[in-house]
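Colleague: Got a minute to walk me through this one? I'd like to go through the contacts one at a time.

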Number of protein chains: 2
Amino acid sequence: MEKQQYLTKNQQIVLDLVEKSSEPLKAYSILFNVQKKGLKAPLQVYRALDKLVEIGKIHKIESRNAFVACKNSSCQVSKATAFSICESCEKVTEINNSKLSKYLTNFEDNSGMKYNKYNLEFFGLCKKCKNK
Amino acid sequence: MEKQQYLTKNQQIVLDLVEKSSEPLKAYSILFNVQKKGLKAPLQVYRALDKLVEIGKIHKIESRNAFVACKNSSCQVSKATAFSICESCEKVTEINNSKLSKYLTNFEDNSGMKYNKYNLEFFGLCKKCKNK
DNA sequence: AACAGTGTGTAATAATATAACAAATAACAA
DNA sequence: TTGTTATTTGTTATATTATTACACACTGTT
């Protein structure tokens, strides 16, 4: 049996909100939106976010300080993440490409480091914004 | 002739500091260290950092909110960056691997997006920390 | 000189994130 | 059941990271 099979109340509230969102959410925007549900302080949100990231239910878009729900159902942990980010409309999509993930998971250089995790962010213009 | 051939005084002061450092520097640590040189306010540091990042002299380690000098002499702009980060000692190294950069620069998926930039961060344990 | 573009200095403030502590709850063995 | 440990919660305060706004100065044009 895995540990942390069920989410706590606060974690579930935060996850529900992030999952319903079509765009990355910032921590304080989450806070504002869950205040009616009883989460009053930043720390309550950050603690829930930390846990959700740890177990792979959500990912942090580092370049944007924002959070998105994991769209990859097989993703139990956030060990190998890749995103595309439109620099115009800020749309973020999780990239699910097995070739890419295989390539990066197996990547080795001569540094002697053993990599167990990576995060990749691609930037560009999405289809819509390209045609403007 | 390229534009912005020379750095301004503030930019040079910040760049010198970052280049001398053996580890990523945080913005406010930079501020503290350049106050004797006359840069008194955060904004002076952030403006210099923004410009230096833009022209590729330094890179931002997004997951750490810290800055490192570019070690790749041919790197004029920060369009394609990859780093290895030790999760124990926080040592950060810029990865300079032509196969990797070629693979990522040419990466395409079926999203219709045209990528013009990426940032990749690998995490793990460095040689030293692995053997502890 | 007038201008445009860029950089500067300064103060104030916004946005993001964590520390510290006490209390409540869950997990589970003695 | 009790004791023990770990986790989660609630709360206040504070630390850290980053930007807005505005007046002015410098540089290179036209």
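**Contacts in the model**

Modeller: Sure, and keep in mind that this is a predicted model. To start with DNA strand D, H3 of chain A and H3 of chain B each put at least two residues into the surface near that strand.

Colleague: Which helix gives the most to the surface near DNA strand D?

Modeller: Both H3 helices supply at least two residues there. The top contribution is four residues, and it comes from H3(A).

Colleague: And which residues are the closest to DNA strand D?

Modeller: There are 15 residues around the strand. By type they split into five nonpolar, five polar and five charged. The closest of the 15 are A:Gln44, A:Arg47, B:Lys26, B:Leu43 and B:Lys60.

Colleague: How far is a polar side-chain atom of B:Lys26 from a phosphate oxygen of DNA strand D?

Modeller: B:Lys26 is one of the closest residues to that strand. Other phosphate oxygen pairs on DNA strand D include A:Thr8 at 2.9 Å and B:Tyr46 at 3.2 Å. For B:Lys26 the distance is 2.7 Å.

Colleague: What share of the DNA strand D atoms within 4 Å of the protein belongs to sugar or phosphate?

Modeller: The atoms within 4 Å of the protein divide between bases on one side and sugar or phosphate on the other. The sugar or phosphate part comes to 43%.

Colleague: Over to DNA strand C: which helix supplies the largest share of the surface near it?

Modeller: Helix H3 (42-54) of chain A and helix H3 (42-54) of chain B each bring at least two residues to that surface. Its residues are five nonpolar, five polar and five charged. The largest share is four residues, from H3(B).

Colleague: Which residue has a polar side-chain atom 2.8 Å from a base nitrogen of DNA strand C?

Modeller: Two side chains pair with phosphate oxygens of DNA strand C at 3.1 Å: A:Tyr46 and B:Thr8. Sugar and phosphate make up 44% of the strand's atoms within 4 Å of the protein. The residue paired with the base nitrogen is A:Tyr28.

Colleague: Now the protein-protein side. What rotation superposes chain A on chain B?

Modeller: The shift along the axis is 0.0 Å and the RMSD is 0.0 Å, with a rotation of 180°. The two copies are thus related as by a two-fold rotation axis. In chain A, the C-alpha nearest that axis belongs to A:Leu120, 2.2 Å away. So the short answer, for a two-fold relation, is a rotation of 180°.

Colleague: How much area is buried between chain A and chain B?

Modeller: Chain A puts 32 residues into the contact, and chain B puts in 32 residues. Carbon and sulfur atoms give 61% of the buried area, which is about 2,800 Å².

Colleague: Which residue of chain B forms a salt bridge with A:Glu87?

Modeller: The rule picks out two salt bridges across the interface. In the one with A:Glu87, the closest N and O atoms sit 3.5 Å apart, and the partner is B:Lys117.

Colleague: Last one: which element gives the largest share of the side of chain A that touches chain B?

Modeller: Strand E4 (80-86), helix H4 (98-105), strand E6 (114-125) and helix H5 (127-130) of chain A each supply at least two residues. By type, that side has 15 nonpolar, eight polar and nine charged residues. The largest share is 12 residues, from E6(A).

Methods:
Residues are numbered from 1 along each chain as its sequence is written. Chains are lettered from A and ligands numbered from 1 in the order in which they are written. This is a predicted model: local features need pLDDT of at least 70, side-chain atom pairs count only at pLDDT 80 or more; totals for chains, interfaces and linings use all residues. Side-chain values use heavy atoms; hydrogens and water are left out. Copies are superposed by least squares on the C-alpha atoms of residues with pLDDT of at least 70 in both. A residue is near a molecule or strand if one of its heavy atoms lies within 4 Å of it. A polar contact is a pair of N or O atoms within 3.5 Å; within protein, one must be able to donate a hydrogen and the other to accept it, and residues adjacent in sequence count only if both atoms are side-chain atoms. Ala, Val, Leu, Ile, Met, Phe, Trp, Tyr, Cys and Pro count as nonpolar, Asp, Glu, Lys and Arg as charged, and the others, Gly among them, as polar. Contact means heavy atoms within 4.5 Å. Buried area is the accessible area (1.4 Å probe) that two parts lose on being put together, summed over both. A salt bridge is a side-chain nitrogen of Lys or Arg within 4 Å of a carboxyl oxygen of Asp or Glu.
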